[in-house]
Each structure stands twice: as C-alpha cells, then as structure tokens.
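Grab a coffee and work through these exercises with the structure open beside you. Each one has a task, then a solution in steps.

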Amino acid sequence: YYTYVDEQGEHSVTGYMTNEAPVKSVIERLNRTGTRLDEIVVICSEEVQRKVNAKYLWMEEKKLPSGKTLVQVTHLEYYKEIVNDFAEHLNQGYRDKPIQYYEIPIPDDTESDDIATAVVSAANKVMADRKDVNLYIDFNGGQRYIAFMILSIANLMKIRNVNICDIMTMNYNMQKEKVTPIQSLKHVFETMDLVAGVNEYIHYGRIKMLKNYFADCKNEGIKTILNDMECFANNMQLCRTETVFKGKETLRRELEAYISNYKKEGQHTDIFETLFFYVVKDILDGYQGLLEGDIPEIVQWCVDKDFVQQALTFYVERMPIYFWDNGIFKPSEQEEEEYKNYLKNGKEAAEKIKLGKEEVAEEEKGWAEAYKQHYKNGNDKYNWMIRYVKYCLRAGEPQKQSFVKRWMECEKNGRATSILQREKLRKVLEDYSELKDQRNATNHASNEKTV
C-alpha cells in the first residue's frame, strides 16, 4: 500500500510494480478536479520489455484483468494493463478515450549518449504539437542518472510552456506497517529555480524568478522584502539614482533584520523561511558594493556587473555630490551662501507664481524663471556644479566656455575650492566631463559619438 497527500487530505493506492502507485495517484488527483491524464511517456529499458520473471509463487498465480497471469506478459504490458484498468474503473471516460502511451527505448547498459538521446526524445514527445502541458514526473525506478537528467531537461521545458505539476518518489525509509508514502520532490526540484533566481538578481538585477519561487510563501515579511527588492531593482534598471540612494540603506537594514530575527526565533519548520535566510545572505554579499558603498564603490559594482548605462548615470549624477562632500570640488563659503539664497528665492517665487494668490515682482519672476530653467528638480549639489556655475555668472566672467574651463575658472577666482592641486583637479574634472559626454551619447542612439 502507498499513501499520498493532496489538497483534500491523505489517500491510499495499491501497487506491485515500482511505477504503478505514483501514476494511480495522479489519475485520482486529476479525477477529483474534473480533469484527466491524457498521455504517459515511458522510457523503457530492454529488461522491462521482457516477460516478468516469477521470483515468487504468487507471481505465477496472479491474474490480470485480461485473464493472463503475470508471467505471461512483459513488465511494460503489465504496467499498461493495470493502469488502464484502474483508470477505467475510476472514470468511464477512460474507456471511451484511453490513455495514450509513448515508449522511448533505452539499452540496459547505457552510455551518456544513450541517456541524452532517450531523455531528449521523451521531452520532445511531451512537447510535441502542444501549446500548454501539465507534466507529472515519476522519479522512481530505472537508472538514477537518467532520472537526474530528466529533471535537468524538465528545467528547460519550463521555458516552453510546460508546467511541472509534481515530481513523485516513494520514500521506503518512512515505510510503516508496509505502507509507503509517495512524496513530492517538487520543492527540491524548484531549488534549481532558487539558485537561478539568486544569480539572476545579483548579476542582472531582475527578480522575476525569485518572486515566482516564493509565490506560495505565507510569510508576509518575506513578501514585503521581495516587493522592496523588486522596486529597488527596477529603479536600478531605470537609472533612478536619487531613488536608489534613498532606498539602498533601507533595503540593507531590511535584509539584515531578517537574518537577525531568523536567528533569534530559533527552530524553523517552514522551507521558505529557511531558504530565504540563505538567499538573503547571498544577496547581501552580492550587493555589498551597492548597498554599503559610496559612489566610487557603486560605480565599480555596476562596472563589474556590466551595467554600463547605470555606471555612467551614477557617475555623472552623483559624482558632483561626492566632489562637494569630500572637498574635491565644492563652493567657497560665500558661493555656497549665494547659492542657498538663489535656491530659496527661486523656490519661493516659483511657488508664489504657482499659487497665483500674491502679486509677483519682476525680479521675483526672473528668479523663478532662472530657477525653473537651471535647477530642473535635480540634486542641489549636482545642479550647483552642472548648471549654477555655468549660467549664473559673476561680473567679468565670459559666457561661453567649456565645462572644464568654467569649473577651473571658478576655482581660480574663488567661487570654488578644492583639496587637490590645480593640475590634478583639472585631470579629475576632465575625466568627469568626458564621461558626462559619453553618458549623453549613450542616451541618444542615433548620435555618431556613441561608443
């Protein structure tokens, strides 16, 4: 006797041959949902196509539904007859439309080429002329390395609209009173998706496979973290640097808190919680440069992942902030004060115009217009370096200059300061300007300067 569990509880089936009980359990499960098993693809060794060898007396006496004894048929003939009889007694529809069998031969003494040929042939038969397939895999019997290759091929089949409903094995180690449980290996099989999902998130910034793996997870905390990881990854893909910087510390704390809480709570029985614990550690390691680093580490992280557009965008939009914060290129005290007043006046004037409740002076209109044209809702420190020092000129400063000349002039006339010697500063600013041009070129595919 064998037992299996589905949504409606525990059930039992009988079986003599190794592969008999699992297929009966599938037929029963499908029948409860109003569906049926249409086809069985069998990889058949030479041995199962020979007559049954009667090792025991009962085998010589056992009668099949056809009236033949067990020793009068091959292993394969016995399997088909018993399965068909079981299905027909369960549902008359199987008598009118029997299960179709497809036999894939394989030698008893197999080489790697034989195994590959048989497994690929079986997979092709499963997918032949079908758009959507619900597949159940019986992991029992036969050579173990054939079964492992079937699982590997099944992973590829998933991208061809094959839904792996279950993978079954019989656990004889848990046999009690001659009753053996039929257990599902689906979670074990899906750990392949888990590994692939972690790699996908760490190396490509996509989370679809991870979310699919944890779709049945009941832990709301894990679901929240996955949603936050998805938002973070999407913002990375879209090069939303400001949002990424605001969110990276939050995400890091969230992941670290899960590890800490998991250890405090002690023993865990939920497979999703246990596996997510290991996933989080890998993600923290893989995202360390991004989640813990400043802009140089973040740019390097992007370069290491081949995220070229993200690396350029982070460098261009965040390096001026890094320059300011680290004294590499920043406004003098007087310049910073004037810049703060410029922002304050511009914002206030723009708000007054927007509300339309107060009369706005011509000077205020000028502040608001300059603010709207030059500020463009960017970061204050970025806009000082990229827009303010270029458009808000002092007396005697030439209007048309390259960025590098303008920046160097600001340093020379006291509007900006730097901890670097002048020539080294020039080289830093030249490198920044060149990469800024490259970033702009990548944003315009038709630009001949694109590299």
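**Exercise 1: two positive phi values**

Cys239 has a relative accessibility of 15%, so it counts as buried. Keep in mind that you're looking at a predicted model.

Task: find where Cys239 sits, and decide whether Asp306 is buried or exposed.

Solution.
- Step 1: look between α9 (220–237) and α10, because that loop is where Cys239 is placed.
- Step 2: check the backbone; phi of Cys239 is near 60 degrees, a positive value in a residue other than glycine.
- Step 3: move to the loop between α13 (295–304) and α14, where you'll find Asp306. Its phi is near 65 degrees, positive again without being a glycine.
- Step 4: compare the relative accessible area of Asp306, 64%, with the cut-off for exposed, over 50%. Asp306 is therefore exposed.

**Exercise 2: helix α14**

Task: work out what span helix α14 should have, and where α14 bends.

Solution.
- Step 1: α14 covers residues 308–325, which makes 18 residues.
- Step 2: the expected span is 1.5 Å times one less than the number of residues, and for α14 that gives 26 Å.
- Step 3: the end C-alpha atoms of α14 are 25 Å apart, which agrees.
- Step 4: now trace the axis. α14 bends by about 45 degrees at Arg318, and Pro320 follows within four residues.
- Step 5: Arg318 also lies over the face of Phe245, at 3.8 Å from the ring centre. Lys248 lies over the face of Phe245 too, at 5.5 Å from the ring centre.
- Step 6: count burial. Of the 18 residues of α14, 13 are buried, so the helix is largely enclosed by the rest of the structure.
- Step 7: step just past α14 to Gly327, which takes a positive phi of about 75 degrees.

**Exercise 3: an aromatic pair**

Task: classify the ring pair Tyr258 and Phe276, and say which helices hold the two residues.

Solution.
- Step 1: the ring centres of Tyr258 and Phe276 are 5.1 Å apart, and pairing needs centres within 6.5 Å.
- Step 2: their planes stand at 85 degrees, so the pair is edge-to-face, given that the cut-off is over 60.
- Step 3: Tyr258 belongs to α10 (residues 241–265) and Phe276 to α11 (residues 271–286), so the pair ties together parts 18 residues apart in sequence.
- Step 4: Tyr258 and Phe276 are both buried.
- Step 5: widen the view. Ring pairs link a cluster that includes Tyr258, Phe276, Tyr213 and Phe272.

Conventions. Residues are numbered from 1 along each chain as its sequence is written. This is a predicted model: local features need pLDDT of at least 70, side-chain atom pairs count only at pLDDT 80 or more; totals for chains, interfaces and linings use all residues. Side-chain values use heavy atoms; hydrogens and water are left out. The bend at a residue is the angle between axes fitted to the seven residues ending there and the seven starting there. Buried means under 20% relative accessible area, exposed over 50%, partly exposed in between (1.4 Å probe, protein chains only). Rings of Phe, Tyr and Trp (its six-membered ring) pair if their centres lie within 6.5 Å; planes under 30 degrees apart count as stacked, over 60 as edge-to-face and the rest as tilted. A charge sits over a ring if NZ of Lys or CZ of Arg is within 6 Å of the ring centre and within 35 degrees of the ring normal.
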